[in-house]
Amino acid sequence: MCGIAGIMFTESGSPVGQKLYEMLKSLQHRGMDSAGTIIYGAKSTKDWLVRFVVEDEPEEVAKKIRYRLNVMKHDIKKLNDGNFMLEMVISGDTSTEELKNIIRKYSLSVLSIGKYSIISKDVGLVDDVEKVFNFSKLKGTHGIGHVRFSTESAVDALHAHPFQTFDFPDIAIVHNGQITNYWKRRELLELEGHVFQTDNDSELIIHYIVNKLRKGYKLEEALHEAVKDLDGPFAFLISMPEGIGMARDRLGLRPLVTSEYEGVFVAASEEVAIRKVLPESKITYLRPGEVEVWRP
Amino acid sequence: MEAVRIDAQNMTPKELNRELKEKAKRYKKIIILNPNAKHYIAAGLVADVEVEIEGSAGYFLGTMIHGPKITLKGNAGWYVGDNMTMGEIVVKGHAGNGVGQYMYGGTVVVEGDAGDRSAALMKNGIVIVKGDAGLMTGLYMMGGKVIVLGDLNEYAGEMIINGRIYIGGAPKSLGKNAKLEEAKPEEVEEVNKILRKYGLPEKDSFYVIVPKSLRPVYKPPSGTPAMKKLLPKFKTEFTYELCIGCGVCAQVCPEKVIKMVGNKPVAARQADCIGCYACVNYCPTDAVKVFRVAESKTNRANIDASIYNYIRQMASVGHPPVVGMGAENKYFPSLDQLTFIPGQTSRPPIDSYREPCDTEVILGHRFAEKPLKLKAPIMIGAMSFGSVSKEVKIALAKAAGRLGIAANTGEGGMLPEERKYASILIVQYASGRFGVSASYLRSGDAVEIKIGQGAKPGMGGLLLGEKVTEDISKMRGIPIGTDAISPARHLDIVGPEDLKMKIEQLREITDWKVPIIVKYAAGRVADDVKIAAKAGADIIVIDGKPSGTGATPYIVTEHTGYSTMAAVVEAHKALKEIGLRDKVSLVVGGGIKTGADAAKVLALGADAVMIASATLVPIGCTYCGTCHNGRCPYGIATQKPELRRRINVELAAKRIENYLRGFIEEMCMFAQLAGKSKLSNLEKEDLRALTFEASMLTGVKLMGVEKPASELMER
Ligand SMILES: Cc1cc2nc3c(=O)[nH]c(=O)nc-3n(C[C@H](O)[C@H](O)[C@H](O)COP(=O)(O)O)c2cc1C
Ligand code: SF4
Ligand code: SF4
């Protein structure tokens, strides 16, 4: 499924949002169900920024959360999929565990959670998502984005990419393809205590990578392991505050091209998107089974 | 020479290609400015023209061109020169995956590096890469030449069955069936001559990758003597009082079951009998009878004859044996579990002998300029030339033409007669792309992208070497006697966005005129249907179980699949869910034999039905299943002239026509007795389910309860 794009600058305050917007627009033909971005370095890292998806009565939900957590401010927007988005700035003193407990207690749906990053995503074309979130205005260091052509799961804001699981704030993935040994791998990870929020195969990749990182693997190594262990066609970008990692399946069934010029790194499903940022630079093709990591 | 410029900056691929086509009529050279990595540039361009592209191109540059010389200054995306038949493409930069895949002729030159799977399923022509080439270069290659001056990545020449891959550097590893040799001096000279023509550096020596075997998959067995079949499934009996000792039965028996002892026929190898009834059919005095021995099983363990003999056969040949026709599997739910209920006084029935019944249907009106207007909601399912004989293809086309229903080329190319006789002809575009070119696609009234077929879901088409005669070899572009094995998936359709691009590519080739059909084997029906609809299909065909085939591994056809009855309901629902039910036409098939089956499928939500194997019965088919090896005793699934002679084409056409006329009348009877004057008005409410199972699968009300079974479960 889909088109993916990623960009990294060496300096903070770079036009990550604007460039991702342009790249995703040029990949629009690869998916028109939904779109989204995650952008790093666009907010102060002092506090949490959390975006919930709420079906109705968002003010009521806000009240409930405010009662339990130290919320600095909140804001409500209507999403294209008919739900509401409740955006909250929550004190950075709140521990991840406290946040997770509240999310579980009220069965909240989380669209974005992080101290370093902001996810904007919804159903519709890139421009429809831009209208709701204005993500193109966000400046920062790096980010990844996605246009989705849905395959086997629901079409709503929550299922749009970048995909994140609230267990691991600030980590997100954009993914083109399917993992065909999903249930096998999921069982193994569940045995090690991972809790899955959805049946989405993108979530599996996050759990898989985090699992390896926690065991002391470097991101490159974790990605190599993923290529060995995950079956099916895929190309994905995984983003975290420390940078962006990417991988392609062993048979190279899903595309990914990259390019670099004067400290600007870009990756995308197709060269068209790269050309929106770097009109002249040399294109490199990530080989089947190859992985790459960028760190700012 | 007069040149003209086109600034592609603000053009869509469709506009650019229309402009190119126009300009190619008047100019000898066209320069495209600002191509901006657009997809499908020059798709299907048939012209003797030079095209210079000042920048990079996206996917499918020069796909299916016939004639032009294209020079690209920048990089090319995936699938440059895909399926081209004549002309030249020179890429100055690098190229992505699938360079020259499915090519039939012409030359593609990449001056930089090429991605993976270059020249995959190439049938003829030349692919040259100055730099390195990626994984699986020459995958399933079937002919032509590949010249790579640099190195090859892993699995070079994977499953190559014909053609040659010349390498200036070295391969990292060879694929299955690939063998590395030193090129002979005369070959080196020939290669250097080609390189000289494109100003590329020459070399003193080359390695060359060639196939080890012509038939790497279905090699004839060697070494192990075959085990006999032992448990008989049929019993052949002779009435000697009637027998005149002519020996016809022994002569026509495809399995050599019958032996003449003097003037007396005897069933010598009874266990080999496949129940084709050729002996019965051709005996001039009705002296032969064949019965099914239903209880034939092993003494203990209750293994039935089919499986027992199958294991012995596999022990002989060492790979899963292949059969033709549908599965024996008895467990798939049958449409017989549904019945029509009549109109009486609550609603009056319509008289089927005297009152009219509308049967016309329009399919594919979503995007196509020329949708299919069928006189009756029937499409004849794809049966390729190769799997069936020319006589069958012509008879089917004639019958379809006279009835105003759709015929289908199948995946082995088009016979000119087929086009001549069929008023509506669907051209199939399958993963092997046999016989595919721009002109092939343009001569169809619709293009059907075959993703899968019900009898062998998740596997590609299969035509065993026994049936690849000279005619077939020419049409498909493969050597005589090789197996034509289509890949399980189109090499360029791996995900939904690829299907969308494929549909756009085919629309570019056919100039947005004809409907694009996507044919699926029923599986994850709802997901797949939604994907095809969103990808822009005009018509979706679902092929459920039980379903016919020309050749399939026995074990696959027995143990895969999804019920036709359940599939139609799910597909209909899926289209409703995404609000495209009125836009996208739904055609469902698999196991439809009579107008009753068809009317039920229409009532469950289809706009038309697809029938394939049942249309062979009027030509004589007895569902014996020996279609795969070319021994069909009725001249249907064979290419042997002596067997084909058994078909009288005109008579066969007439009988198919009669059968289908009756079939249409049957459908109308059900519509009319249910009180409808149009076939398209059949609905679920006209049906009742006889079993709980059928009601659960379809949501049809369970007889006697007047509620769908699912509602009973909820309580
Ligand atoms: C002899 C034969 C050849 C076939 N060849 C093709 C083919 O080339 N392409 C394809 O999509 N399906 C092929 N099929 C499958 C039919 O198009 C159709 O999907 C299936 O037979 C429908 O089931 P039915 O035979 O029960 O009507 C073939 C079937 C038969 C019996
Ligand atoms: S039914 Fe067919 S296979 Fe059996 S004996 Fe007669 S001709 Fe031979
Ligand atoms: S087509 Fe011929 S070989 Fe195939 S089942 Fe029918 S009669 Fe038998």
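Two strands are taken to pair here if DSSP finds at least two bridges between them, and with that rule in hand the tour of this predicted model can begin in chain B.

**The sheet of chain B**

Select chain B and colour its strands: 11 of them form an open sheet, in the order β1-β2-β3-β4-β5-β6-β7-β8-β9-β11-β10, and the pairing is mixed. Go next to the two ends of that order, where β1 (3-7) and β10 (178-182) of chain B stand at the edges, each with a single partner strand, so that one side of each is left without a neighbour in the sheet. Looking along the sheet, you will find that neighbouring strands are turned by 15° against each other on average, direction ignored.

For a closer view, select residues 142-148 and 162-167 of chain B, which are strands β8 and β9; they run parallel and are joined by 5 bridges. Within this pair, B:M142 stands opposite B:N162 of β9(B). Now add residues 185-197 of chain B, helix α2, which packs on the sheet and touches β5 (86-91), β7 (126-129), β8 and β9 of chain B, its direction making about 70° with that of β8(B).

**The sheet of chain A**

Move to chain A, where 7 strands form an open sheet in the order β7-β2-β8-β1-β13-β12-β14, with antiparallel pairing. The edge strands of this sheet are β7 (117-123) and β14 of chain A, each of which pairs on one side only. Here, too, the average turn between neighbouring strands is 15°, direction ignored.

Select residues 257-261 and 264-268 of chain A to see strands β12 and β13, which run antiparallel and are joined by 5 bridges; A:S259 has A:V266, in β13(A), as its bridge partner. Then bring in helix α4, residues 126-133 of chain A, which packs on the sheet and touches β2 (34-40), β7 and β8 (142-148) of chain A, while its direction makes about 125° with that of β7(A).

**A salt bridge inside chain A**

Stay in chain A and display the side chains of A:E270 and A:R30, which form a salt bridge whose closest N and O atoms are 2.7 Å apart. A:E270 lies in the loop between β13 and α8 of chain A, and A:R30 in the loop between α1 (16-26) and β2 of chain A, so the pair ties together parts that are 240 residues apart in sequence. Over all chains, the structure holds 66 salt bridges.

**Where the chains meet**

Show both chains together and select the residues in contact: 31 of chain A meet 32 of chain B. Between them the two chains bury about 2400 Å², and 53% of that area is on carbon and sulfur atoms. Which three residues of chain A supply more of the area that chain A buries against chain B than any other three? Select A:F149, A:Y285 and A:R287, which supply 24% of it.

Turn then to the charged and polar pairs of this interface, across which there are 5 salt bridges. One to display is that of A:D33 with B:K534, where the closest N and O atoms are 2.7 Å apart. There are also 13 residue pairs in polar contact across the interface, counting those with both residues at pLDDT 80 or more. On the side of chain A that touches chain B, α8 (271-277) and β14 (283-285) of chain A each supply at least two residues, and α8(A) gives the most, with 3. Sorted by class, that side of chain A has 13 nonpolar, 7 polar and 11 charged residues.

**Backbone stops**

Most residues other than glycine have a negative phi, and most peptide bonds are trans. With that in mind, select A:H161 and A:P162, between which the peptide bond is cis, with omega near 5°; A:P162 lies in the loop between β8 and β9 (172-177) of chain A. In chain B, the peptide bond from B:K545 to B:P546 is likewise cis, with omega near 0°, and B:P546 is in the loop between β27 (539-543) and β28 (552-553) of chain B.

End at B:A119, in the loop between β6 (107-110) and β7 of chain B. Is its phi positive or negative? The phi of B:A119 is near 60°, a positive value in a residue other than glycine.

How values were computed: Residues are numbered from 1 along each chain as its sequence is written. Chains are lettered from A and ligands numbered from 1 in the order in which they are written. Side-chain values use heavy atoms; hydrogens and water are left out. Contact means heavy atoms within 4.5 Å. Buried area is the accessible area (1.4 Å probe) that two parts lose on being put together, summed over both. A salt bridge is a side-chain nitrogen of Lys or Arg within 4 Å of a carboxyl oxygen of Asp or Glu. A polar contact is a pair of N or O atoms within 3.5 Å; within protein, one must be able to donate a hydrogen and the other to accept it, and residues adjacent in sequence count only if both atoms are side-chain atoms. Helices (H or I, at least four residues) and strands (E, at least two) are DSSP runs, numbered from the N terminus. Ala, Val, Leu, Ile, Met, Phe, Trp, Tyr, Cys and Pro count as nonpolar, Asp, Glu, Lys and Arg as charged, and the others, Gly among them, as polar. Axes are lines fitted to C-alpha atoms, for helices over the stretch in contact, and angles run from 0 to 180 degrees between N-to-C directions.
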